[in-house]
There are 2 protein chains.
Amino acid sequence: MKFSTKGTYGLRAVVELAKHYGEGPVSLAAVAAEQGISEAYLEQLMRSLKNAGIVKTTRGKAGGYLLTREPQRISVLETLRALEGSTDIADCVGSDASVCENACTCSARPLFLKLQSRINAVLEETTIGELTEDHIEQKKRIEHARLS
Amino acid sequence: MKFSTKGTYGLRAVVELAKHYGEGPVSLAAVAAEQGISEAYLEQLMRSLKNAGIVKTTRGKAGGYLLTREPQRISVLETLRALEGSTDIADCVGSDASVCENACTCSARPLFLKLQSRINAVLEETTIGELTEDHIEQKKRIEHARLS
DNA sequence: TCAAAAGTCAAGTGTTTTACTCGACTATTG
DNA sequence: CAATAGTCGAGTAAAACACTTGACTTTTGA
């Protein structure tokens with residue numbers, strides 16, 4: 001039940017792009033440097049995000065990555081699905097429950113279903129826009145505390 | 001973000017014990033057979049559950065495992081913690097957030113905290129007693145459907 | 001009293017997943 | 001046309017997972 005670095009780094013990268021939304025493309029190197037992530041690894045994650053239609057790119061000089069939509073219109077659920085393939089906590093939740101032989105008799109399944117629906121609710125209602133606002137707020141508070 | 005077999009098997013084993021609550025000890029072999037889990041692996045899980053005070057044992061002939069309390073008084077959170085060590089989705093939630101260098105500036109952290117509190121709420125409010133009832137209900141329904 | 005039934009424990013092992021890296025390539029632009 | 005920037009597939013070391021093994025100890029009933 002641990003979050004992978006893929007999800008975490010990917011989310012942070014998308015928030016980084018959100019911070020520059022409307023300002024033109026941001027290069028991979030810039031995002032990697034800002035977030036302290038290896039360029040080669042981040043590129044893989046960006047590829048997934050691109051395939052999922054969350055980011056788009058321009059090549060050549062002054063090229064880079066951009067969000068395809070406003071940050072408020074990108075959900076965390078969508079982003080995480082792009083990065084990790086699925087956000088399902090078990091194979092017996094979700095559409096293809098047939099993978100679990102005794103899905104209908106396993107005593108843990110009702111719990112899994114309840115948990116999954118609560119998790120999905122949070123991931124669906126939270127947007128990249130919100131995470132970005134939180135992040136900016138947080139940085140302001142730290143700056144303020146440091147100065148006093 | 002996948003549930004391990006430790007958690008799943010362990011939960012199922014505890015529910016199995018709950019089904020026989022008040023009827024004296026159930027042997028490891030019996031639980032393993034009923035749930036289709038390897039005895040040797042299950043023994044490991046039972047050990048964790050014992051150390052956590054969720055089950056107790058009697059040795060020798062006719063010995064086996066018993067719950068230390070009524071099923072309604074054992075939460076899923078407690079059980080899962082015993083089995084998996086922790087139910088935290090990331091190192092930066094929970095008491096020791098210092099393991100994450102940039103805990104206070106990571107833009108994913110607010111999401112993690114929200115998610116974790118929702119997950120814990122479910123795990124805390126759900127008891128082994130409830131899972132056991134659900135399971136018995138479910139088996140009845142299947143039996144009924146099969147006969148008609 | 002001793003053998004069979006049952007739990008206890010630490011260590012070992014094969015497989016899978018994670019978290020990366022590497023190198024060769026393509027597109028764009030000043 | 002060369003420098004900049006994204007694209008792609010494959011490779012790899014380390015960790016986590018899902019077990020197995022074997023050598024014990026404890027209890028009890030015949």
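A salt bridge here is a side-chain nitrogen of Lys or Arg within 4 Å of a carboxyl oxygen of Asp or Glu. One such pair joins the two protein chains of this predicted model: the side chains of R118(B) and E125(A) meet with 3.8 Å from N to O. Between chain B and chain A the count of salt bridges comes to 4.

A few ground rules help. Residues are numbered from 1 along each chain as its sequence is written, while chains are lettered from A and ligands numbered from 1 in the order in which they are written. In this predicted model local features need pLDDT of at least 70, side-chain atom pairs count only at pLDDT 80 or more, and totals for chains, interfaces and linings use all residues, with side-chain values taken from heavy atoms and hydrogens and water left out.

Back to the protein interface. Taking contact as heavy atoms within 4.5 Å, 36 residues of chain B touch 36 residues of chain A. About 3,600 Å² is buried between the two chains, and carbon and sulfur atoms give 64% of that; buried area is the accessible area (1.4 Å probe) that two parts lose on being put together, summed over both. There are also 8 residue pairs in polar contact across this interface, both residues at pLDDT 80 or more. A polar contact is a pair of N or O atoms within 3.5 Å; within protein, one must be able to donate a hydrogen and the other to accept it, and residues adjacent in sequence count only if both atoms are side-chain atoms.

On the chain B side, α1 (5-19), α4 (76-84), α5 (109-125) and α6 (128-147) each supply at least two of the touching residues. Helices (H or I, at least four residues) and strands (E, at least two) are DSSP runs, numbered from the N terminus. The top contributor is α5(B), with 10 residues. By class, this side of chain B has 19 nonpolar, 8 polar and 9 charged residues, where Ala, Val, Leu, Ile, Met, Phe, Trp, Tyr, Cys and Pro count as nonpolar, Asp, Glu, Lys and Arg as charged, and the others, Gly among them, as polar.

How do the two copies relate? A rotation of 180 degrees with 0.0 Å of shift along its axis superposes chain B on chain A, with an RMSD of 0.0 Å; the fit is by least squares on the C-alpha atoms of residues with pLDDT of at least 70 in both. The copies are therefore related as by a two-fold rotation axis. M1(B) comes closest to that axis among the residues of chain B, its C-alpha at 2.3 Å.

Now for the DNA. A residue is near a strand if one of its heavy atoms lies within 4 Å of it. Around DNA strand D there are 26 residues, and L28(A), K50(A), S38(B), Q44(B) and R59(B) come nearest. The side chain of K50(A) places an N or O atom 2.4 Å from a phosphate oxygen of this strand. For T5(B), a polar side-chain atom lies 3.2 Å from a phosphate oxygen of strand D. The surface near strand D takes 4 residues from α3(A), which gives the most.

DNA strand C has 25 residues around it. Its bases are contacted too: a base oxygen is 3.0 Å from a side-chain N or O atom of Q44(A), and a polar side-chain atom of R59(B) lies 3.3 Å from a base nitrogen. Here α3(B) gives the most to the nearby surface, with 4 residues.
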